[in-house]
Amino acid sequence: MMKTYSPKPEHIERSWYVLDASGQVLGRLASEVATLLRGKHKPIFAPHMDTGDHVVVINADKVELSGNKAQDKFAYRHSGYPGGITGIRYADLLATRPVAAVEKAVRGMLPKNRLGRQQIKKLHVVAGAEHPHAAQMPVELAVGQRPDWSGLPAGKPAPAGRSRTETTSPPSREREDAAPAEGRSTTAKERPARSAGPKSSAKKRAAAKPAAKEPAATSGAKRSTASKTSAKKTSAKKPTAKKPAAKKTTAKKPAAKKPAKTEE
C-alpha cells in the first residue's frame, strides 16, 4: 500500500525565477506566474500549504491583450461607500499603471483566503528591464517552461552540543544480543547450558501448580464453617418462637375462673 505524502515545512525550498513579460498576453502570463507562486510545478504540491517560489516579472509595461480587450475591458474598484465604484479601461491602466495590471491579473488566479494573501507577497513586478533582486540570483524562465525538480532537501545535521546518544534512538534487543556473540566463539558446552534455561522455567511452572490448589481447600473449609454457623442460627431461633405461645396459654386461665365466682 502507498502512503499519502504530506509536505513538511523543512521540505520546502523557495527558489527565485525571472519572467520576461514583453510581448506576452496578460492572461497567459498571469496563469504561469500563479502556477509558480502556488508551487503546482513541484511533486510535493499541496493545496493547503504554500510550496511555491518567488517570481520576478520584468518589462510589465510591454504586456499585451488579445482581441479588443484593451478598449472593451474595464478594471473596477470600489471605495466602500455608496456610489464609490470607479472603472478604467485596460488600455489606460497599462499605459499608466502596468504593475497594478499584472498584479491584479495574478491575484485573481490565487486562492481567496489567507493562503492566497501569503502567496501574492512572493510576486515582484517591475515595469522596466532591471530589478533590485540580483542578490537572490534568480533563474530566467520562459513563459510555459517548468523548472527542474532537484528533489527533497537533505536532512539537517544534529547540533554540535548534543551527543550521539541523545539524537539517535536506543538499539534494539536483537542488536544487543548479537553484539557479545561477535566478540567470542560459541562452543558445544555453552549450547546445552542455554537450552537448559527453558526447561528450568518449565519445572518452576509445574511446581507452582499444586500451590494454586491450596486456596481451593481453604475456601471449602470456609464454606463448611459458614454452613455450620448458619445451621446454629436457625436452631437458636426455634426456642424463641415457642415462648410467646406459652404466655398466651397463661393469659386464658384467669378468664375461666371468673364465671365460677358468679355462680356462688
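## A tour from a salt-bridge network to the nonpolar core

Begin by selecting Arg14, Asp50 and Lys122, which are linked in a network of salt bridges. The structure on the screen is a predicted model, and the count of salt bridges in it comes to 5.

Within this network, look at the pair made by Asp50 and Arg14, whose closest N and O atoms are 3.8 Å apart. The pair links distant parts of the chain, since Asp50 belongs to the loop between α1 and β2 while Arg14 belongs to the segment before β1, 36 residues away. If you colour by accessibility, Asp50 will show as buried, with a relative accessible area of 7%, whereas Arg14, at 36% relative accessibility, counts as partly exposed.

Next, select helix α1, residues 26-38. The 13 residues of α1 should span 18 Å at 1.5 Å a residue, and the distance between the end C-alpha atoms of α1 agrees, being 18 Å. Is α1 mostly covered or mostly uncovered? It is mostly covered, for 10 of its 13 residues are buried, among them Leu26, Leu29, Ala30 and Thr35. Step just past the end of the helix and you reach Gly39, which follows α1 and has a positive phi, near 90 degrees.

Stay with α1 and show the side chains of Arg28 and Glu32, which meet in a salt bridge with an N to O distance of 3.4 Å. These two residues are 4 apart in the helix, so about one helical turn separates them. An α-helix has 3.6 residues a turn, so residues three or four places apart point the same way. Arg28 counts as partly exposed, at 46% relative accessibility, while Glu32 counts as buried, at 8%.

Which other residue forms a salt bridge with Glu32? Add Arg146 to the selection: its closest approach to Glu32, N to O, is 2.7 Å. Because Glu32 lies in helix α1 and Arg146 in the loop between β6 (139-141) and α6 (164-167), this pair ties together parts that are 114 residues apart in sequence. Arg146 is partly exposed, with a relative accessible area of 39%.

Now turn to the largest nonpolar core, which has 27 residues, and select Val33, Leu37, Val55, Val57, Val102, Val106 and Leu123, the members that touch the most other members. The elements that give two or more residues to this core are β1 (16-20), α1 (26-38), β2 (54-58), α3 (90-96), α4 (98-107) and β5 (123-125). The largest share, 7 residues, comes from α1, the helix you have just examined.

To see one part of this core in detail, centre the view on Leu123 and display what surrounds it. Leaving aside its neighbours within four places in sequence, Leu123 is in contact with Val33, Leu37, Val55, Val57, Glu103 and Val106.

For a last stop, select Lys73 and Tyr90, where the charged end of Lys73 sits over the ring of Tyr90, 5.0 Å from the ring centre. If you would like to go on looking at rings, a search of the whole structure finds 1 aromatic pair.

How values were computed: Residues are numbered from 1 along each chain as its sequence is written. This is a predicted model: local features need pLDDT of at least 70, side-chain atom pairs count only at pLDDT 80 or more; totals for chains, interfaces and linings use all residues. Side-chain values use heavy atoms; hydrogens and water are left out. A nonpolar core is a set of buried Ala, Val, Leu, Ile, Met, Phe, Trp, Tyr and Cys residues joined through side-chain atoms within 4.5 Å. Buried means under 20% relative accessible area, exposed over 50%, partly exposed in between (1.4 Å probe, protein chains only). Contact means heavy atoms within 4.5 Å. The expected span of a helix is 1.5 Å times one less than its number of residues. A salt bridge is a side-chain nitrogen of Lys or Arg within 4 Å of a carboxyl oxygen of Asp or Glu. Rings of Phe, Tyr and Trp (its six-membered ring) pair if their centres lie within 6.5 Å; planes under 30 degrees apart count as stacked, over 60 as edge-to-face and the rest as tilted. A charge sits over a ring if NZ of Lys or CZ of Arg is within 6 Å of the ring centre and within 35 degrees of the ring normal.
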